Protein chains: 2
Amino acid sequence: MNSLKPTEIISAHDITLIDAYWRACNYLAAGMIYLQHNPLLRQTLTGEHIKQRLLGHWGASPALSFTYIHMNRLIKKYDLNAIFLAGPGHGAPGVLGPVYLEGTYSEVYPNKSKTEAGMQKLFSEFSFPGGIGSHCTPETPGSIHEGGELGYSLSHAYGAVFDNPDLIALCVVGDGEAETGPLATAWHSNKFLNPARDGAVLPVLNLNGYKIANPTLLARISEEELTALFKGYGYQPFIVEGDVPLEMHKKMAEVMERCIVMIRDFQTQARSSQERPARPMWPMIILRTPKGWTGPTELDGHKVAGSWRSHQVPMSAMHENNDHIERLEHWLKSYQPEHLFDENGQLIPELEALAPVGPRRMSANPIANGGVLRRELIMPNIKDYGVNIAQRGVTQMSNTQVLGEFLRDIIRNNPTTFRLFGPDETASNKLSAVYEVTQKAWMGSYLPEDEDGGNLSPSGRVMEMLSEHTLEGWLEAYLLTGRHGFFHTYEAFAHVIDSMFNQHAKWLDICKNHVAWRAPVSSLNIMLSSVVWRQDHNGFSHQDPGFIDLVTNKSADVTRIYFPPDANCLLSVADHCLRSTNYINLIVSDKQKHLQYLSADEAAIHCAKGIGIWPWASNDGNTSATYTSDYDEPDVIMACCGDVPTMESLAAAAILREYLPDLKVRFINVVDLYKLQSADEHPHGLSQTDFDILFTRDKPIVFNFHGYPWLIHKLAYRRTNTQRLHVRGYKEKGNINTPLELAILNQIDRFNLVIDVIERVSFLGSRAAHLRDAMKAEIIRHIEYAHTHGIDPSEITDWVWPYA
Amino acid sequence: MNSLKPTEIISAHDITLIDAYWRACNYLAAGMIYLQHNPLLRQTLTGEHIKQRLLGHWGASPALSFTYIHMNRLIKKYDLNAIFLAGPGHGAPGVLGPVYLEGTYSEVYPNKSKTEAGMQKLFSEFSFPGGIGSHCTPETPGSIHEGGELGYSLSHAYGAVFDNPDLIALCVVGDGEAETGPLATAWHSNKFLNPARDGAVLPVLNLNGYKIANPTLLARISEEELTALFKGYGYQPFIVEGDVPLEMHKKMAEVMERCIVMIRDFQTQARSSQERPARPMWPMIILRTPKGWTGPTELDGHKVAGSWRSHQVPMSAMHENNDHIERLEHWLKSYQPEHLFDENGQLIPELEALAPVGPRRMSANPIANGGVLRRELIMPNIKDYGVNIAQRGVTQMSNTQVLGEFLRDIIRNNPTTFRLFGPDETASNKLSAVYEVTQKAWMGSYLPEDEDGGNLSPSGRVMEMLSEHTLEGWLEAYLLTGRHGFFHTYEAFAHVIDSMFNQHAKWLDICKNHVAWRAPVSSLNIMLSSVVWRQDHNGFSHQDPGFIDLVTNKSADVTRIYFPPDANCLLSVADHCLRSTNYINLIVSDKQKHLQYLSADEAAIHCAKGIGIWPWASNDGNTSATYTSDYDEPDVIMACCGDVPTMESLAAAAILREYLPDLKVRFINVVDLYKLQSADEHPHGLSQTDFDILFTRDKPIVFNFHGYPWLIHKLAYRRTNTQRLHVRGYKEKGNINTPLELAILNQIDRFNLVIDVIERVSFLGSRAAHLRDAMKAEIIRHIEYAHTHGIDPSEITDWVWPYA
């Protein structure tokens, strides 16, 4: 690709053509909002042609299609591999227009054919009940970004181009969206983009000046501040400003081509050099155009185009105001549809020729339907990483450290299709083994001391930035474009991305249940570490297990939650999750050392079942983990879910076995939280029969849970005789605490659990009363110990209770 | 205040003094992390003097105290009114040092006196179980920002200075924190700060270069980019860079004084001018210092100071390594404590004299304990806004529009102590009446067309920015500094600030239950509007009522949730919330038109009770809203919570009354959601007796809820015979839908409710079967109508069922 002289860029004839194509886009956008009949205005417009209820957003649409079709020109000219992301939330009409014109929409939805009838369908179904959404929903060909919630277009764009060296993601950022925090920091994604390895993002900040009812900040600062801001973010900003279409086409063609050439030059340079790739000052475009550009300029004495009044429907009250109908007709005819579409309603050939063809169309690029490109990970065998269990409950080990070795080899096996994401805690979460084969991606400057354990490299596969928003955005897009990833983050601060989780879950739910042409993508795997129970010096603000609750509000078709109690279980769960598609898998696993219980084989069986009796920890005379209705019923059931609660429940069961050997205790461990929900609410839910066999129909259950206790009640509310279900969990009691002290404050500790059991079994006599008093004394003693020594006594920290 | 010549700024002697003071701060910071005994190193340091477990964060501390004490100099020199916000998360040692040295800590916590014994207490309790937190927790005098979760220091700083014209908030932003989205956009808060009316923020970006295990982005870009970025954000950046203390004190003194003078000049100019205040280029400081500055430079062959290895404890394994003990002693003695503290352990007088006194100390500024300054709002009488109810269920009205009139007069009555916050939707949420008395705060540029409905003014009381994070941060700090506010936001996107809600709830919980000296502050009032049930064209991504669930996970001492069903109830609830303190009040109220049911007097009683029978909608022979055990028991209970569900339940009850007049229906409306929880879980919870009187002990309950249905099960799980509780609510079924269609998809609609009742009452005969079939037919008919016409039929939208 050669560098260009401006005069060569675009001829006057080509400008005329591109403007005609754009008029077709704008015509379609306006038609979608207003018309239910008479799509080509072959009859005089009447109220009957106009939808009863006008819904949709005109304001952002013209600049979106403007940008889209200018990219089309370059795709054709340079055979580019490109996708399009529409940041402005309600811009669908500006995207659906070109997607329809280039034929993809009709291919995917044959009843929206390139005919007058097809156009009528497109118009009438847009923003209509049961019809086409006003965002770039999953139903939109070429979309990987819905844009319903603002802030994530740019992180999505970067996520798509990682490890896609030829791809250019053209990302229109709305100036409303640009005010959000997630978008404001996503500009820094360029510090993680390697021009030798990754593709490129071309951001186009569309300053149309207004949000719903307000000016935008970036449109009301000086040009000096505006360009300084983007230089500060590490970009070369190019301003394209104006409102005269033919002039603007010329400017945009020149600037966009210059940007594309610049991108290719940076890439070529990085790819042909032997040196460590440097971070280029990537180009970006500031496109300043009127909101609702080409729409009505004035209505009833108020400015409309170039104002917030263009945000949604610029003219309403159509059915009450004949003058408005005339004005609408005048407006629509200003695009000259009769010169754009032939008698059948198809775009005239001269214009059709402007669009790329086949998969070069941004709407048909398979990268935006990443499932079709997805290849399964080459997975190591988890048995090679399994922990040897000579005796249960003796060895202490960091479960996540073992996982780190597994992840290391996944990275080694899959050098271009898997990345590991986390804010700043890969080492802190004990996953450092990955640094044996890779580093942290880093395109900032380097210092000599980085050589000593900095683990930085432009080609690193570990993505660390102190922005959960950006990481989540990158990963979502990385998955949606056919790759794989694993996100680990601080449990309490997973709430930072609550709303992003919600949106991705909704996206997957729609894809899975309503968009058959979308191939399954890799699951979004999130591991919460640095969990609520181990915040020894971080205190109260770092204690929040509520992300689990959030997940349970989303569709059972796409959500899974796992609590592996030890290393072999964590391996099994991670292995399962990394192979799965179209889920959001939440794994909760503490990073600290934990006792080990199950062999690799046992863990595989236990995790596959998701819930099971641990006969070796039970005292009810049964010896098999396979539960049947022949089982003798116990006096009490001790259930647990989560690594720390499991240890405490096991310790409590051991105490009970020693001091009250006649008490028949059944010990149940839950890995797959959704086993508790009924089978008609979640596909993983136990049948009522299986639940009753496991938990009996009437015996007291003392359930020790990692998270908020009432979540268990919420999930299990349809189970038999729920009044017997007694749940312990985190109840917002904490500060600077030792692990045991925090457990005691929230009553998930071994001593309180013993008391809980004693209080629920009536036939126990004075020995039980004595034991209860002893437990209360232990609680006081251990709190005092913690407050005196600052640590838990070794009998707690090195607690060992070997089971045969 | 005159402008300054650099030579005048600070003498060599004063530099020596300030450096000594800073050495005292650093000594204390290190002492807090390491020492449990021997605080003044009067004995040779041994392992017994050192804490068993070393917890705390050294890395950020020196630059925090450095900044703090340089401000002290200027507070004294210019009699400034200032507060300090520590953005770097774990910087408490760097703040607690100066807070202790200036005496406030000892005044608030007398056992941490300014003596050797007091110092020992401070050291040994820091980051120790039951002791002092390693963030600037609510227990920290002068703190309004805990910093446990990163990203909010700057929005907190701006919130504090709004309407505090003399206040300067000195805000240290960590370069880790600066990578978060919320912080990245909070820099734009300067577009809302009026130099004539508000105080000022002096941001100090501390580039110490590292996070937990990584370099920071902003420390690894060119100086050209760095300064461009902050110019782009609208600031004048001043760089203070180096690591030689005496040189750095001189630089910092000069730069900070220059900034303060500049701030005062901008303010004086704006306050003495008759013109519309312009936005100044406010100063900010980029302080580039080594992480762990003045700490060990090297350990075991690795760089420590100036590296991520200084993040937490720079030297550990103290008890296993005698060499480390010696090095620690050497390090601590490098601060020369013997020259800083007298024989009693008190700072020498020459240094004591450097700190401001009384409330001028940033740690003792009453603004940072805003409850002591808080004055109650001058509230209008809600009866003046009440809707006249001639017949129940006939008038349609936007409840939030009525609220807007009430808010308008609160703004008028309280011109400097109340602000209204929302992303961009004050008009969309029908609160436009406020524009009769105020405008939106706006310090961006102005265009002529703003005159036409733009409602912009530098003195506006409405805060709109498309960043829920920034708004929430502003409001939190505005409240914590003694003022009042009301935040309204999109229901689905309230999840954007989930984690901020969590942190504020934890802050309030600690203040209320553990920090007696903190006076109560105004409640954080959040109204969710644009709710899940009215997303006619926004579709699935805009449907999420899960914020309610989130709130229920936090302490019952600080959380309240209200669902006013009509305008008079909304007024009553808002009135109550705006008068309250130390809560987070969540109000859920749709913005669209709704039927009106209760008179102002009835609404006051109903909302005060929080839950009640509506006898006029019931059919069980009772006529009083006061429930007693004498009541006849109904056949079925129809309960509802939320404006849309209430309308649907009322319609269903009306259908049942007409077609099955013998069926005894009791109709219960819930305003205060926590009434459902048991009294020992939430202070608002109904007693078991009251619950049983209202809901009976065994009759089926068909509960129609605004949010996710299982939340009701979670709250009510301790109630009698919960198996009879059948809940309808949002279950993630939606797209582009008419209101009725969306209700039907999620089965909260009148027709499905009638079916639900019929299926739960066994004695009904063929008339009921017939009615059920009729309801099923209605469902099909209405879905078809919506899909044909794009709207609901008028009998639904104008539904009227006058009750006597």
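**Close-up 1. A:Asp601 and its salt-bridge partner, A:Lys383, in the predicted model.** A:Asp601 is partly exposed here, with a relative accessible area of 45%. Its partner A:Lys383 is exposed, at 54%. Look for the closest N and O atoms of this salt bridge 3.4 Å apart. The pair ties together distant parts of chain A: A:Asp601 belongs to helix α18 (residues 600-609), while A:Lys383 comes from the loop between α12 (349-352) and β8 (396-398), 218 residues apart.

**Close-up 2. A:Glu125 and A:Lys112 meet in a salt bridge.** Here the N to O distance is 2.5 Å. A:Glu125 is in helix α5 of chain A, and A:Lys112 is in the loop between α4 (104-108) and α5, with 13 residues separating the pair. Which of the two counts as buried? That would be A:Lys112, at 7% relative accessibility, whereas A:Glu125 is partly exposed at 22%. The cut-off for buried is under 20%, so A:Glu125 with its 22% doesn't make it.

**Close-up 3. A salt bridge within helix α17 of chain B: B:Arg579 and B:Asp575.** These two sit four residues apart in α17 (residues 567-579), so about one helical turn separates them. In an α-helix there are 3.6 residues a turn, so residues three or four places apart point the same way. The closest N and O atoms of B:Arg579 and B:Asp575 are 3.2 Å apart. B:Asp575 is buried at 12% relative accessible area, but B:Arg579 is partly exposed at 45%.

**Close-up 4. A salt-bridge network in chain A.** This one takes in five side chains by name: A:Asp163, A:Arg197, A:Asp198, A:Arg419 and A:Arg461 are linked through salt bridges. Over all chains, the structure holds 86 salt bridges.

**Close-up 5. The contact between chain B and chain A.** On each side the tally is 122 residues: 122 of chain B are in contact with 122 of chain A. Together the chains bury about 9,800 Å², 55% of it on carbon and sulfur atoms. In chain B, the residues that lose the most area to chain A are B:Arg220, B:Leu466 and B:His537, together 8% of what that side buries. How many salt bridges run between the two chains? The count is 18. One of them joins A:Asp544 to B:Lys554, with the closest N and O atoms 2.7 Å apart. There are also 63 residue pairs in polar contact between the chains, with both residues at pLDDT 80 or more. Several elements of chain B each supply at least two residues to the side that touches chain A, including α8 (223-232), α16 (547-552) and α24 (766-789). α15(B) gives the most, with seven residues. By type, that side of chain B divides into 39 nonpolar, 52 polar and 31 charged residues.

**Close-up 6. A:Asn746, a buried loop residue with polar partners.** A:Asn746 sits in the loop between α22 (739-745) and α23 (750-760) of chain A. Its relative accessible area is 0%. What does the side chain of A:Asn746 reach at 3.0 Å? It's the backbone oxygen of A:Leu742. A polar atom of that side chain also lies 3.0 Å from the backbone nitrogen of A:Lys731. Setting aside neighbours within four places in sequence, the contacts of A:Asn746 are A:Trp533, A:Gly729, A:Tyr730, A:Lys731, A:Glu732 and A:Lys733.

**Close-up 7. B:Ser589, buried between two strands in sequence.** B:Ser589 is in the loop joining β16 (584-588) and β17 (593-595) of chain B, and its relative accessible area is 0%. Beyond residues up to four places away in sequence, B:Ser589 touches, among others, B:Asn399, B:Thr400, B:Met527, B:Leu570 and B:Asp643.

**Close-up 8. Helix α13 of chain A.** With 15 residues (399-413) at 1.5 Å a residue, α13(A) should span 21 Å, and its end C-alpha atoms are 22 Å apart, which agrees. The helix is mostly covered, with 11 of its 15 residues buried. Among the buried residues are A:Asn399, A:Phe406, A:Arg408 and A:Asp409.

**Close-up 9. Positive phi at A:Ser127 and B:Asp79.** Neither is a glycine, yet phi is about 50° at A:Ser127 and near 50° at B:Asp79. A:Ser127 lies in the loop between α5 (116-125) and α6 (153-161) of chain A and is buried, at 4% relative accessibility. B:Asp79 lies in the loop between α2 (61-78) and β1 (81-86) of chain B and is partly exposed, at 48%.

Note on methods: Residues are numbered from 1 along each chain as its sequence is written. Chains are lettered from A and ligands numbered from 1 in the order in which they are written. This is a predicted model: local features need pLDDT of at least 70, side-chain atom pairs count only at pLDDT 80 or more; totals for chains, interfaces and linings use all residues. Side-chain values use heavy atoms; hydrogens and water are left out. Buried means under 20% relative accessible area, exposed over 50%, partly exposed in between (1.4 Å probe, protein chains only). Contact means heavy atoms within 4.5 Å. The expected span of a helix is 1.5 Å times one less than its number of residues. Buried area is the accessible area (1.4 Å probe) that two parts lose on being put together, summed over both. A salt bridge is a side-chain nitrogen of Lys or Arg within 4 Å of a carboxyl oxygen of Asp or Glu. A polar contact is a pair of N or O atoms within 3.5 Å; within protein, one must be able to donate a hydrogen and the other to accept it, and residues adjacent in sequence count only if both atoms are side-chain atoms. Ala, Val, Leu, Ile, Met, Phe, Trp, Tyr, Cys and Pro count as nonpolar, Asp, Glu, Lys and Arg as charged, and the others, Gly among them, as polar.
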